[in-house]
Amino acid sequence: MFKQVKSALFWYYLFKFRRRVILIILLLVIAFFANAIYGDVVEYLKLKDRLEFLEIALISKWTVIIFNIVFSIYLILTIFKNLSKKKQNIVF
């Protein structure tokens with residue numbers, strides 16, 4: 001019975017915050033693929049002997065990854081913050 005209640009709560013909150021969950025997953029996938037794209041860019045720059053652009057590529061990669069992770073963490077934290085505000089409004 002407890003498993004059914006946990007499952008029901010999980011699916012309720014997943015459905016309730018589905019847009020935010022999809023956005024978080026999309027941001028993390030973009031951060032994951034930034035590393036793969038960076039590898040291709042490095043290989044291309046090595047083939048063309050344009051090694052002076054490697055620094056720009058590295059900075060761009062980490063900017064994308066850090067921004068996506070920080071924004072995902074912000075979205076996760078604001079989900080719980082919004083829930084606590086709604087609970088406080090219901091009490092009063």
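**Close-up views of a three-helix chain**

Ala 57 sits in helix α3. This is a predicted model, and the legends below walk through it one close-up at a time.

**View 1. Ala 57, a buried spot on helix α3.** With a relative accessible area of 14%, Ala 57 falls under the 20% cut-off, so it counts as buried. Its partner in this close-up is Val 42, which is 15 residues away along the chain. From C-alpha to C-alpha, Ala 57 and Val 42 are 7.7 Å apart. For context, 18% of the 92 residues in the protein chain are buried.

**View 2. The whole chain, for orientation.** Pull back for a moment and you'll find 3 helices and 0 strands in the protein chain. Reading from the N terminus, the order of elements is α-α-α. Helix α1 spans residues 2-16, helix α2 takes up residues 18-47, and helix α3 covers 54-91.

**View 3. The largest pocket and what lines it.** How big is the volume of the largest pocket? It comes to about 180 Å³. The lining is made up of 10 residues, and those nearest the pocket centre are Tyr 13, Phe 17, Val 21, Ile 79 and Phe 80. Helices α1, α2 and α3 each give two or more residues to that lining. Which classes do the lining residues fall into: nonpolar, polar or charged? The split is 10 nonpolar, no polar and no charged.

**View 4. Val 21 and Ile 79 at the largest pocket.** Zoom in on two of the residues that lie nearest the pocket centre, Val 21 and Ile 79. Val 21 belongs to helix α2. At 24% relative accessibility, Val 21 lands between the 20% and 50% cut-offs and is therefore partly exposed. Along the sequence, Val 21 and Ile 79 are 58 residues apart, yet their C-alpha atoms are 9.8 Å apart in space.

**View 5. A nonpolar patch on the surface.** Six residues are the ones to pick out here: Ile 25, Val 29, Phe 32, Phe 33, Ile 37 and Val 41. Together they show about 570 Å² of accessible area. Two of the patch members, Ile 37 and Val 41, get a closer look. Both Ile 37 and Val 41 are in helix α2. Is Ile 37 buried or exposed? Its relative accessible area is 54%, over the 50% cut-off, so Ile 37 is exposed. Val 41, at 32%, is partly exposed. Ile 37 also pairs up in this view with Lys 61, 24 residues off along the chain, at a C-alpha separation of 8.5 Å.

**View 6. Leu 28 across from Phe 71.** Leu 28 is another residue of helix α2. How accessible is it, in relative terms? The value for Leu 28 is 42%, which means it counts as partly exposed. The second residue in the frame is Phe 71, which lies 43 residues from Leu 28 along the chain. Between the C-alpha atoms of Leu 28 and Phe 71 the distance is 9.6 Å.

**View 7. Asp 49, with a positive phi.** Where along the chain is Asp 49? Look in the loop between α2 and α3. Its phi is about 55 degrees, a positive value, even though Asp 49 is not a glycine. Asp 49 has 62% relative accessibility, over the 50% cut-off, so it counts as exposed.

Technical notes: Residues are numbered from 1 along each chain as its sequence is written. This is a predicted model: local features need pLDDT of at least 70, side-chain atom pairs count only at pLDDT 80 or more; totals for chains, interfaces and linings use all residues. Side-chain values use heavy atoms; hydrogens and water are left out. Patches are made of residues with over 30% relative accessible area and no salt bridge: like charges are joined within 9 Å, nonpolar side chains (Val, Leu, Ile, Met, Phe, Trp, Tyr) within 5 Å. Accessible areas come from the Shrake-Rupley method with a 1.4 Å probe; for residues, only the protein chains shown count as cover. A salt bridge is a side-chain nitrogen of Lys or Arg within 4 Å of a carboxyl oxygen of Asp or Glu. Helices (H or I, at least four residues) and strands (E, at least two) are DSSP runs, numbered from the N terminus. Buried means under 20% relative accessible area, exposed over 50%, partly exposed in between (1.4 Å probe, protein chains only). On a 1 Å grid over the protein atoms alone, a cavity is a set of points where a 1.4 Å probe fits but cannot get out, and a pocket is an open set with protein on both sides within 12 Å along at least five of seven lines; lining residues have an atom within 4 Å of a point. Grid points are joined across faces, edges and corners, and a volume is the space filled by probe spheres set on the points. Ala, Val, Leu, Ile, Met, Phe, Trp, Tyr, Cys and Pro count as nonpolar, Asp, Glu, Lys and Arg as charged, and the others, Gly among them, as polar.
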